[in-house]
Each structure stands twice: as C-alpha cells, then as structure tokens.
2 protein chains.
Amino acid sequence: MNTTSLDAALYAVADPTRRRIVERLMRGPARVTDLADPFSMSLNGVSKHLKVLESAGLLRRTCEGREHRLSLRHQPIRRIQAWSNQFERFWTDRLDALAAQLEKEKENE
Amino acid sequence: MNTTSLDAALYAVADPTRRRIVERLMRGPARVTDLADPFSMSLNGVSKHLKVLESAGLLRRTCEGREHRLSLRHQPIRRIQAWSNQFERFWTDRLDALAAQLEKEKENE
DNA sequence: TATATATTCAACCGTCTGGTTGAATATTAG
DNA sequence: CTAATATTCAACCAGACGGTTGAATATATA
C-alpha cells in the first residue's frame, strides 16, 4: 500500500466540510463561489479546504478566465476503497471461524 | 451518511502509525506492548494512538489481568467502505457519458 | 513482601489545523 | 478608465495533534 498518498487522501476526506465538498462535486464540477455557498464560512476558509483537497489529488482545477472550475478526480478515493476493501476477507474469515466454532460446539453436545 | 462517526473513523485511520496498527490487528488480537514493538516510539505514544482508535470505535479492548487485549471492530471500516463505494456509480456514469459522447461525435462524421 | 511487568495519567512542547480578516491579483462589465 | 467579481496570499489566533518524559496504578512473579 502506498502510504503517503493514502495518508493525504484519508486526511483530506476526514474533515466534514471537505467531505461535503467532495460529495457536492459528485453532481458535477463547480466554481469556488458555488462550493462555498452552502457553508456559513468565509470564502477564504473554503478556498483553503479546496487547496487541501487539491494537493491530496482529489480535485482537478481548470482556470477559465477569473473563475476556477473544480472537478473530482477518482484515484485517491479509489485508494481509500482499496484500503478498506482489504479488510473484507478478514471479516469473512472471522465469521467462517465463528461458524466453525459453533458447529464444533454443537457436535460435542 | 452518519457524519460524526465517519469523521472519527477516517481521522483515526488517516495517521500512518494508526493505520499500521489496524493492519497488524487484521492478523489477530494483540497486547499494547506487542503493538508498540514495531515502532521506534515510546509506549505512551502508541497508547495514545490506541485511545484514538478505540474512541473511534475501531478497537475493542478486553482487560485480562494486567494485560489489555486489543482486537478489531469492523463497523467503522465498513462505514468507510460504504462512503467510498458511494462514488462507484458516479465514476461509471461519467464513463458512460464519455462513451456516449464519443459515439455521438463518431456519428457526426 | 519486594520487585518486575503492563499499562495509563498528567504535564509539557513544537507544530499543524481550521478558521478569521485585510490586502493583492486578475478578469470581466459598465 | 473605473468598478465589480472571482479568487488567492499573508498574517494572525486559539485549540488540537503527535510526541516526549516522569510518576502512578495494577497485576504477576520470586
């Protein structure tokens, strides 16, 4: 597992404001002002959050005149998916072991 | 999406040390000292990390005499899975749109 | 009982965080 | 040219973070 980039992705997405921004961007690209609109926070505050998301690779920024258009990049979230999916086998193995254990106890009665 | 607990889970797991601990615990439960062993860090440091993981619900702690046995809980990681899987449809939709777009351009030639 | 082991608590420290405000930059509109 | 809009930069702040050290607690062992 690539540690450093996963660190940044998880960290970026651990903040509720940033996560709301990411979720918002699922519905398509948006400008800084649009993204800032739902929050009772200064535009600068949001701008800083965007910088965090961007440097973690979650956002693509294209400048069109004075407006910046932000859109989602999938790689970092895919990394998070991959990391959390890694545990799937662990859970099922444990459930299997538990089932086997119960089976065994049943036989011994 | 339950924001608060997802916050805690993502935050807990964003730290590389804590993530290594969680990955270690996939291979079965362990004591505090065991978990601290691979790290060049004071035992207290690790103890604090464990507290973070525990309060985020990622760890179950059972005290056996003077030893504390830590094991993994699956719910928080499942929440992370659920959150990141949410984007799956978004990516595929976007790919579909892209494919449709290409198809259209091809027809117009 | 005395001692070693396992673990936490408490205080401290430099650094990073999330947020603010005010000024700067760049582009568009009147 | 001037004014409005979109955005960032820079400096600041209180609080949290990741880590340390030293002492305290609780259990096991000789």
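**Two matching chains and two DNA strands**

A rotation of 180 degrees, with 0.0 Å of shift along its axis, lays chain B onto chain A with an RMSD of 0.1 Å. The fit is by least squares on C-alpha atoms of residues with pLDDT of at least 70 in both copies. The two copies are therefore related as by a two-fold rotation axis. They share a contact surface: 100% of the contact residues of chain B recur in chain A.

This is a predicted model; local features need pLDDT of at least 70, side-chain atom pairs count only at pLDDT 80 or more, and totals for chains, interfaces and linings use all residues. Residues are numbered from 1 along each chain as its sequence is written, while chains are lettered from A and ligands numbered from 1 in the order in which they are written.

**Where the chains meet**

- In all, 17 residues of chain B are in contact with 17 residues of chain A (C-beta atoms, placed from the backbone, within 7 Å).
- On the chain B side, α1 (3-14), α2 (16-26), α5 (75-85) and α6 each give two or more residues (helices are DSSP runs of H or I, at least four residues; strands are runs of E, at least two; both are numbered from the N terminus).
- α1(B) gives the most to this side, with six residues.
- This side of chain B has eleven nonpolar, five polar and one charged residue (Ala, Val, Leu, Ile, Met, Phe, Trp, Tyr, Cys and Pro count as nonpolar; Asp, Glu, Lys and Arg as charged; the others, Gly among them, as polar).
- Beyond its neighbours within four places in sequence, A:Leu10 is in contact with A:Ile80, B:Leu10, B:Val13 and B:Ala14.

**An open helix**

- Helix α6 (residues 88-107) of chain B has 20 residues and reaches 29 Å from first C-alpha to last, close to the 28 Å expected at 1.5 Å a residue (1.5 Å times one less than the number of residues).
- None of the 20 residues of α6(B) is buried, so the helix lies largely in the open (buried: 20 or more other C-beta atoms within 10 Å of its own, with C-beta atoms placed from the backbone).

**Around the DNA**

- DNA strand C is surrounded by 21 residues; the closest are A:Gly45, A:Gly65, B:Arg31, B:Thr33 and B:Ser47 (near: C-beta atom, placed from the backbone, within 6 Å).
- α4(A) gives the most to the surface near strand C, with five residues.
- DNA strand D also has 21 residues around it, and the closest are A:Arg31, A:Thr33, A:Ser47, B:Gly45 and B:Gly65.
- For strand D, α4(B) gives the most, with five residues.

Note on methods:
Contact = placed C-beta atoms within 7 Å. Buried ≥ 20, exposed ≤ 12 C-beta atoms within 10 Å, placed from the backbone.
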